[in-house]
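I'm opening a fresh notebook page for this one. The plan is to pick a few residues, look each one up, and jot down what turns up.

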Amino acid sequence: MALDLYIQTYNDKAFVPLLKFIQDERNLEYRGVLFQLMAKYANLKIQDLIFMLSHLPNEKLLEILLKVLETYPVQEVKDIILNEVRGRSSIRVISSAIQILSNFPDERFFYLLKIYYQSSSIELRVRIAKILKNLDDERGVEILKKLTCDTDFFVRNEACYSLVELKNSSGNHYLRDIFEDPGHPSHKIINNIYSLRAFEEVA
């Protein structure tokens with residue numbers, strides 16, 4: 001509460017005490033408080049919060065800060081996040097980083113996706129399929145095509161829905177191929193989607 005009031009009252013001077021507070025690992029048990037404080041501070045001084053990315057002592061705090069930056073995506077975070085995500089094992093860190101970078105979909109972003117769409121984490125593969133729904137880019141469509149052959153149903157389902165929503169021409173041709181191929185892993189999913197859409201149009 002004291003830090004919250006301090007941020008509201010002295011936002012230009014709140015950076016140092018906030019940084020000290022989040023760097024104290026004993027405060028990690030107050031993750032919800034940390035998230036709220038950082039979000040409030042980001043709304044006031046996003047540049048200072050970006051600076052924190054390079055000065056966090058552990059991965060748990062990085063997870064919290066990246067969740068804040070999902071809400072406040074700014075161009076300046078791109079290079080820092082690309083550096084921070086390298087070699088990380090936390091699925092939460094990787095997932096948040098990909099979500100933030102999707103706001104700036106350059107070649108490096110798609111390079112990351114080519115690495116992580118094959119992750120052993122179902123949660124991460126589903127997240128990637130969801131993110132690509134909003135990016136009508138041929139490089140993303142190619143990844144979604146591969147995800148329709150994923151071993152997990154939920155990943156295939158999300159990839160199919162994303163392709164349907166995109167209305168991309170090459171994606172549409174691919175969906176038609178799946179629809180006509182009973183041996184494709186996503187054949188039933190596409191049939192169900194098309195049947196549901198047909199029903200909704202009639203209704």
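Which helix is K78 found in? I looked, and K78 is found in helix 6, residues 77-85.

**Ground rules**

Before going on, I noted that this is a predicted model, where local features need pLDDT of at least 70, side-chain atom pairs count only at pLDDT 80 or more, and totals for chains, interfaces and linings use all residues. Residues are numbered from 1 along each chain as its sequence is written, and side-chain values use heavy atoms, with hydrogens and water left out.

**The whole chain**

I went through the elements and got 13 helices and zero strands; both are DSSP runs numbered from the N terminus, helices (H or I) of at least four residues and strands (E) of at least two. I checked burial next: of the 203 residues, 47% count as buried (buried is under 20% relative accessible area, exposed over 50%, partly exposed in between, with a 1.4 Å probe and protein chains only). For contacts (heavy atoms within 4.5 Å), I found that 62% of those with a separation of 6 or more are between residues 24 or more positions apart.

Then confidence: pLDDT is the predictor's confidence in each residue, from 0 to 100. The chain averages 81, and 73% of the residues score at least 70. Helix 1 (residues 2-9) has the lowest mean among the elements, 61, and helix 9 (residues 122-132) has the highest, 96.

**Back to K78**

Is K78 buried or exposed? K78 has a relative accessible area of 14%, so I put it down as buried. Leaving aside neighbours within four places in sequence, K78 is in contact with L101, F104, D106 and R108. Its side chain also makes a polar contact of 3.2 Å with the side chain of D106; that term means a pair of N or O atoms within 3.5 Å, where within protein one must be able to donate a hydrogen and the other to accept it, and residues adjacent in sequence count only if both atoms are side-chain atoms.

D106 has another job in my notes: D106 caps the N-terminal end of helix 8, with a side-chain oxygen 3.2 Å from the backbone nitrogen of R108.

**Helix 8**

Which residues of helix 8 are buried? In this helix (residues 107-116) I listed F109, F110, L112, L113 and Y116. Seen down the helix axis, they fall within an arc of 150 degrees, so they line one face of helix 8; the arc is that of the directions from the axis to the C-beta atoms. I noted that their cover includes helix 6, helix 7 (91-101), helix 9 and helix 10.

**E138**

I found E138 in helix 10 (residues 138-147). E138 counts as partly exposed because its relative accessibility is 37%. S170 is 32 residues from E138 in sequence, yet the C-alpha atoms are 8.2 Å apart. A polar contact of 2.6 Å joins the two side chains.

**H184**

Where does H184 lie? I located H184 in the loop between helix 12 (169-179) and helix 13 (187-202). H184 is buried, at 13% relative accessible area. Beyond neighbours within four places in sequence, I logged contacts from H184 to T148, C149, Y174 and I178. With Y174, the side chain of H184 shares a polar contact of 3.1 Å.
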